[in-house]
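These are my notebook entries on a structure that was new to me. I set down what I looked up, entry by entry.

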Amino acid sequence: MSEITFVGTAEQQSLAAEVFRLMVAQGQFFADDAPIRQTLGNLADFLAHLHQQEHAAMAAAIDAAIQENQQIFIRETGESDVIYTTSRLGMYHPRQDVNTHTYKQRLYHPEKPLPVDDISVVISTSRPVLTTVEPVFISDYWQQAPTHSTARELTEREPDEDGSGVAPPTDIPAPATLAEVALSDAEAEVVPPPPAEPVSTVQAVFTLPDGTAIDLSQPTPDLLQTHRHALSAALLYQIDNDPLNRLVRFGTLIYAGDNLPTLGKNDLRRIRDDIIEAGRPLLDATIIDDLYHSQRQADYEGFRFALNYRLSREKDFEYVGVPGANLWAAKGLPAIGTKRVKAAEMAQLTGYLPDGLDDSLEDQSFQAIQEQGEVSRFLTFFEWTYGVLPFDAALAALLPRPVLNDQRSAVLTFESPQHFTSYVVEVRYPTGNRGGWLQGLEEFFQEYLVAGALFTIARTDVPNVFTIRYDEAGEASERLLTLDEKKNKFGFTEISYFCMVDETRLLAQNVYGRFRNLKALPMNDRRKGDVVLRHVFEVLGENLGTRAEPRYQIELDTLVLAFTVLRPTSRPYVLDLIERDPAIVVADSGPISSSIPQSAKRRAMRMQMRMKKTVPTVRGSMMMMNDPAYEPLYDPTQVLSDEELRHKLAALAEPESRLAKRELAAFAGLDQAQVQALQSVWRSLDAARRHECVQAIQTLMEDTLELDFRSFLFGCLSDTDEHVRATAIESLWEEESALMLDWLLRLVADPAGSVRVAAVLSLSRFAYRASLAELDPASSQQLYTVLHDLTQDPRQPLDVRRRALEALGFFANQPAVGDLIDAAYRGDEQSLRESALVAMGRTVSAEFLPMIELELRSPSPAMRYEAARAAGEMADLALPLLPLLLPMVDEDDLEIALAAIWALGEIGGQRAHATLQRLLRSNAPERREAAQEALSQLDDDA
């Protein structure tokens, strides 16, 4: 084959050669003289992305280069785009078929005709004319696939992280986008005819979105071994983003869009009615059989694909199938499983699983579960009561993965071969930092098992059918822990059972009698691990201290078992909670000790935050961890490069990606330069995702004291989203540097009202420092001026003005402050009057005592609450107000009672001390804890 020469300028020659190489790569399995066609739009899209140029400029350059090389390319103007044609040999020359010597001509015009008088050789003109077929070029695509192609699985491969598990398809017709061309038929069993001469000068290079260049001239096995997953992802992207929908996909199935059967609105209505009538999700095959009464023979698979593809795009239907069993649910179906626990609550209760605090693979490895096809586990009390199972790593190894990227749940059938019964079970897959779970087994658990029973879930030959069985035993009867739903209390009931159990997990009265004292906490409290931890310590722990200074002690196994009564849990999760609680100590051996009920301390700290808008420094953890299974959340010795940090941050862009604590911990301890380097990646994230990340960091900072996100959060103060800025301000509640003050003084002029409110609230702690002379005079004066102006600015939102007034209470030495407080108090706006009381207390000025006394008698609960808080701020100046405060500790309104208890601890005196001592015997735990904290405050002052 002669060498192909390109003409024009050097740039045009290079561009024409590149276009030729790409088109030859597209037609690598074509005959040498077969036409290879490609559009100008596709070429410009690909090369503009490859060379980082504008689309229009690249299109113009390509067209100019092609027109200079008309000896190689044919240029045609189509209906919507310009089409170029060439061949592997260069210029395409249309095939000239010689048809001068055809059967038709020889039949009607023989070379030696017989005499006409021989009637036997006369051909009647009434005979039908023989059909002639004009020659039509058939592409390789149509030679490999039947006219009515059916949906088929892509080449088998290991599943990707997103569960797609697909490989490049083998049937993409030309012209196609160049990214699709580069992925053409890598595994099809097609043996192309060998070319006359190998074209050694042609190299097809395909560039992935991440910049990876792939030479498609490599041997196919090498390509697949090295780039299988990347090519699959690129192919799926092209299919999903093709505006012409030339190929459409459902999960791992791909179908030609032009051949896709259609479904009308009447079909969708009939399908929905069929599902609702059945009362459960239906298989696609069942829907077709019910509504169309046959499998449509040749086009059955095509129609089946069309059904699934169309339903996946309809909001009234939800896909709940698994690989090999496509099930569909419709709006209006009854819920599966218990209604006593809401989905949002279960997602939070199992949120410890995405954080890596999962011990379900300790007894069975992931590989063993997949190979054996079964999981064995002990049933906990919470699981037994509500019929749910956490979707932990062990169940994830056994159960099918989602088919669709956005699939929320799957519906399975659990069969009990021991009782010939079956149960519909819904699997809720984990999303983000929310955990997953299974629900629908309440009837089976309550009927045949007890907490502590060992049971096994196993696969069957049917993808969506599993078996559930247990080891049977002789009849046993025990008084076991139960939950009285009507009274919402735990108790013990005589129960007979016939299953094997672990005696250490069987909640029998003779061993775990004290478990009846546990409170059936609301689900909102159960999802807070620290609340459950405190409650278990107080109820089941042995008090080694005094009533005034309790010191509880409990065995770790008992603590974990009690947790399983109130919520799903794992041993690592409980250990993680213990480590993050500074009041708990774990000895090298023996029980765990708690110094005081930490819930009371945390409530007091929150009250102090409201009082001064500052947060006291909490003691560091005294935890001594000796459990070898424990893995620390944060390793200060690990230093990540900027590139690793950018990669971790970019991984959070997907809304479905998990905001695991250990992933977020990587952004602690950064310096300003590192934060600056991350800004471009950070701002490429969706605003809602950025806000979710900052909220997660805020929670992580509250739970894990050793993590320092200050530099990262300072970078968020200039974010384009107001919610991110406001949350970043709230998260920096401990920051008292001059830099923070400077930022806050600027952010009070922020365009967003929510940001201004957050900034003014944070300025309160700087105002408090100014009252203690901890700020330099210039900063104090600037702060006072800003707060004063905000209070007087009618254009500011009410929340900004009232919070500025509260902060001004710390500037009692300024003459105008008293007048501003008095004016707000005497005004008609209720919220400003409440803020005036807050400011009065912060002035610690006796002149406001008459107003506070008056509001302690107010019919308004909000005013009485703020008056009690203001009295406490006055400390011993408010001793004359004790006669009004003392009865308030017994008010039905718990918030007012707690405010009054706190105030007694701040004011002091014998009567206050006696009242607090009385409250230590109260039946209300909240009042007992608040009284204990108030007495501690009195002892500290003494």
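**Entry 1: Arg842 and its helix**

I began with Arg842, which lies in helix 33. The model is a predicted one, and I read each value below with that in mind. Was Arg842 buried or exposed? Its relative accessibility is 4%, so Arg842 counts as buried. I then looked up a partner distant in sequence: Ala870 is 28 residues away along the chain, yet the two C-alpha atoms are 7.3 Å apart in space.

**Entry 2: Helix 31 against helix 33**

I next looked up how the helix that holds Arg842 packs. Helix 31, residues 798-808, packs with helix 33 at an angle of about 20 degrees, and the two axes are 7 Å apart. Because angles under 35 degrees count as roughly parallel, helix 31 is roughly parallel to helix 33. I noted the crossing as right-handed. On the side of helix 31, the contact involves Leu798, Arg801, Arg802, Leu805, Glu806 and Ala807. From helix 33, I listed Ser831, Leu832, Glu834, Ser835, Ala836, Val838, Ala839 and Arg842. Arg842, my starting residue, is thus among the residues of this contact. Sorted by class, the contact of helix 31 with helix 33 has 7 nonpolar, 2 polar and 5 charged residues.

**Entry 3: Thr791**

I turned to Thr791, located in helix 30, which spans residues 777-792. With a relative accessible area of 14%, Thr791 is buried. Which backbone atom lies 2.8 Å from a polar atom of the Thr791 side chain? I found it to be the backbone oxygen of Leu787. Setting aside neighbours within four places in sequence, I recorded Arg801, Ala804, Leu805 and Leu808 as the residues in contact with Thr791. Two of these names, Arg801 and Leu805, also appear in the contact of helix 31 with helix 33.

**Entry 4: Val844**

I moved to the loop between helix 33 (830-843) and helix 34 (849-856), where Val844 lies. Val844 is not a glycine, yet its phi is positive, at about 50 degrees. Its relative accessible area is 41%, so I entered Val844 as partly exposed.

**Entry 5: Asn488**

I looked up another positive phi. Asn488, also not a glycine, has a phi of about 55 degrees. I located Asn488 in the loop between strand 19 (472-484) and strand 20 (489-499). At 40% relative accessibility, Asn488 counts as partly exposed.

**Entry 6: Helix 35 against helix 37**

How are helix 35 and helix 37 oriented to each other? Helix 35 covers residues 861-874 and helix 37 covers residues 894-907; they pack at an angle of about 15 degrees, with axes 7 Å apart. The two helices are therefore roughly parallel to each other. I recorded the crossing of helix 35 past helix 37 as left-handed. In helix 35, the residues that meet helix 37 are Pro861, Arg864, Tyr865, Ala868, Arg869, Ala871, Gly872 and Glu873. Their counterparts in helix 37 are Glu895, Ile896, Ala899, Ala900, Trp902, Ala903, Glu906 and Ile907. By class, I noted 10 nonpolar, 1 polar and 5 charged residues in the contact of helix 35 with helix 37.

**Entry 7: Arg377**

I went on to Arg377, which is found in strand 12, residues 374-378. Its relative accessibility is 13%, so Arg377 counts as buried. With which side chain does the side chain of Arg377 make a polar contact? The partner is Asp392, at 2.7 Å. Not counting residues up to four places away in sequence, Arg377 touches Glu383, Leu389, Pro390, Asp392, Leu395, Ala453, Leu454 and Phe455.

**Entry 8: Arg95**

I looked up Arg95 in the loop between strand 3 (82-86) and helix 4 (103-108). At 60% relative accessibility, Arg95 counts as exposed. I also noted Ala34, which is 61 residues from Arg95 along the chain; their C-alpha atoms are separated by 8.9 Å.

**Entry 9: Helix 19**

I found helix 19, residues 556-566, to be mostly covered, with 9 of its 11 residues buried. Among the buried residues I noted Leu556, Leu559, Phe563 and Leu566.

**Entry 10: The chain as a whole**

I closed with totals. The protein chain has 39 helices and 24 strands. Of its 942 residues, 49% are buried. Among contacts between residues at least 6 apart in sequence, 66% join residues at least 24 apart.

Conventions
Residues numbered from 1 in each chain as written. Predicted model: local features only at pLDDT ≥ 70, side-chain atom pairs only at ≥ 80, totals over all residues. Heavy atoms only, no water. Axes fitted to C-alpha atoms, helices over the stretch in contact; angles between N-to-C directions. Helix = DSSP H or I, 4+ residues; strand = E, 2+ residues; numbered from the N terminus. Parallel < 35°, antiparallel > 145°, perpendicular 65-115°, else oblique. Left-handed = near helix turned anticlockwise from the far one by under 90°. Contact = heavy atoms within 4.5 Å. Nonpolar A, V, L, I, M, F, W, Y, C, P; charged D, E, K, R; others polar. Buried < 20%, exposed > 50% of the residue type's maximum accessible area, 1.4 Å probe, protein only. Polar contact = N/O pair within 3.5 Å; in protein donor to acceptor, adjacent residues only side chain to side chain.
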